[in-house]
Amino acid sequence: MKRPLLLAAAAALVLAAPAAARLPFFKAGSSVGEGVPLKAYATITPTVHLFGDSLTARIAVVADTKWIDPARLRATASFKPSESTKASVLRVTVGRFAQVTWTWTLHCVTAPCVPRLPPSDKFHIFQFPPARIEYVTGARKPEYGINASWPPIEVLSQVSPGVSAFLRKTNHLNWRLGITPVAAPTYRVSPRLLFWAALGLAGALVLAALWLARRWYLVVRPQRAGLQVEQGTTLERALAVLRYAHEHGDETLQRKAFERVAGELGVERADELTQIARELAWSPRTPEDEEVEEFAEKAGGTQESPE
């Protein structure tokens, strides 16, 4: 930065709020005047703004490099209730004249910033606490410092006087919202056609599931339900199971039925048939149809022709 531009910036800072001085005095003089090593100025722009607008806060420190190292200057500030960005720092040095500037961007949309407090519901005036500028030692401990006061801020309402009067009178607000016309949507497939196609596919899947369930029932649970043993003697029921197993080719059930018939016949009542039944039950070969039928007839006839 050239000297004329730097001096012009320093002259502009004179119009800002000066800092309260608590600095050492140097009799040998200082380039910033009054024998002090530095001067600080705090500004906020704009000082009058509408609710929700952004503000820019700056602290500019002008220092004499004979007494001040600009890198050891620190500035802290609080902007509550506003939210602030991280401060950006700019350092410029020309001869013994140095300037360090901290800049924050402020934004507040919370209730404390709403212009509804006295003295009027049209604006709200408040002021941030003073900022602190310190000159630190090599060990980062404050050696001395000064405060810089911010100018007062006035926040104006974005509600026009006419709207405000209407609200007070009617306690009602007519909302106005401009909606940009939207073009009619286009579809690759007709939504109506897609709906009925999906519905038809769902129905077909339900019918297929019912058909598969019926097939499963007929295959996995075959004629078990069809095995109906008529009421009668235990021998008659055993012979009925034997005929059923033989008709349906269930070899395991057939052998068990032979063993059951043998037990029902008994040794004393039908010794020969009992022996034949046990032989057929434990025979390594499967009995022929004629053997099973002949045995069933003989066993069934034993009840009509007692010994």
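**Figure 1. A disulfide is a pair of cysteine sulfur atoms within 2.5 Å, and this close-up shows the one that the structure holds.** Please keep in mind that the model is predicted. The partners are Cys108 and Cys113, whose sulfur atoms lie 2.0 Å apart. Turning about the S-S bond by 95 degrees, the link between Cys108 and Cys113 is right-handed. Cys108 counts as buried, with 9% relative accessibility. Cys113 is buried too, at 3% relative accessibility.

**Figure 2. Asp64 and Arg96 meet in a salt bridge.** Here you can look at one of the five salt bridges that a search of the whole structure finds. The closest N and O atoms of Asp64 and Arg96 are 2.5 Å apart. Asp64 belongs to strand β4 (residues 55–64), while Arg96 sits in the loop between β7 (88–94) and β8 (97–107), so this pair ties together parts that are 32 residues apart in sequence. How buried or exposed are the two partners? Asp64 is buried, at 0% relative accessibility, whereas Arg96 is partly exposed, with a relative accessible area of 38%.

**Figure 3. Two further salt bridges join Glu134 to Arg132 and Arg255 to Glu251.** For Glu134 and Arg132, the closest N and O atoms are 3.5 Å apart. Glu134 is partly exposed, having a relative accessible area of 24%, and Arg132 is partly exposed as well, at 29%. In the other pair, the side chains of Arg255 and Glu251 come to 3.1 Å, N to O. Both residues are in helix α5 (residues 251–265), and because they are four residues apart there, about one helical turn separates them. Glu251 counts as partly exposed, at 37% relative accessibility.

**Figure 4. Strand β12 has a covered and an uncovered face.** In a regular strand, side chains alternate between the two faces of the sheet. Strand β12 spans residues 153–156. Which of its residues make up each face? Ile153 and Val155 form the covered face, and Glu154 and Leu156 the uncovered one. The neighbour to look for is strand β3 (residues 48–50), which pairs with β12 in the parallel sense over three bridges. Leu156 of β12 is the bridge partner of Leu50.

**Figure 5. A nonpolar patch on the surface includes Tyr217.** The patch is formed by Trp216, Tyr217, Leu218, Val219 and Val220, which together have about 530 Å² of accessible area. Tyr217 is found in helix α3 (residues 191–220). Tyr217 counts as partly exposed because its relative accessible area of 42% falls between the cut-offs of 20% and 50%.

**Figure 6. Two cis peptide bonds lead into Pro46 and Pro81, and Glu34 has a positive phi.** As background for this view, most peptide bonds are trans, and most residues other than glycine have a negative phi. The bond from Thr45 to Pro46 is cis, with omega near -10 degrees; Pro46 lies in the loop between β2 (38–45) and β3. The bond from Lys80 to Pro81 is also cis, with omega near 10 degrees, and Pro81 has its place in the loop between β5 (73–76) and β6 (83–84). Where does Glu34 lie? Glu34 is in the loop between β1 (17–20) and β2. Its phi is near 65 degrees, a positive value in a residue other than glycine. Glu34 is exposed, with a relative accessible area of 62%.

Methods
Residues numbered from 1 in each chain as written. Predicted model: local features only at pLDDT ≥ 70, side-chain atom pairs only at ≥ 80, totals over all residues. Heavy atoms only, no water. Buried < 20%, exposed > 50% of the residue type's maximum accessible area, 1.4 Å probe, protein only. Patch = residues over 30% accessible without salt bridge, like charges linked within 9 Å, V, L, I, M, F, W, Y side chains within 5 Å. Areas by Shrake-Rupley, 256 points an atom, 1.4 Å probe, with all protein chains shown as cover. Salt bridge = Lys/Arg side-chain N within 4 Å of Asp/Glu carboxyl O. Helix = DSSP H or I, 4+ residues; strand = E, 2+ residues; numbered from the N terminus. Pairing = 2+ DSSP bridges.
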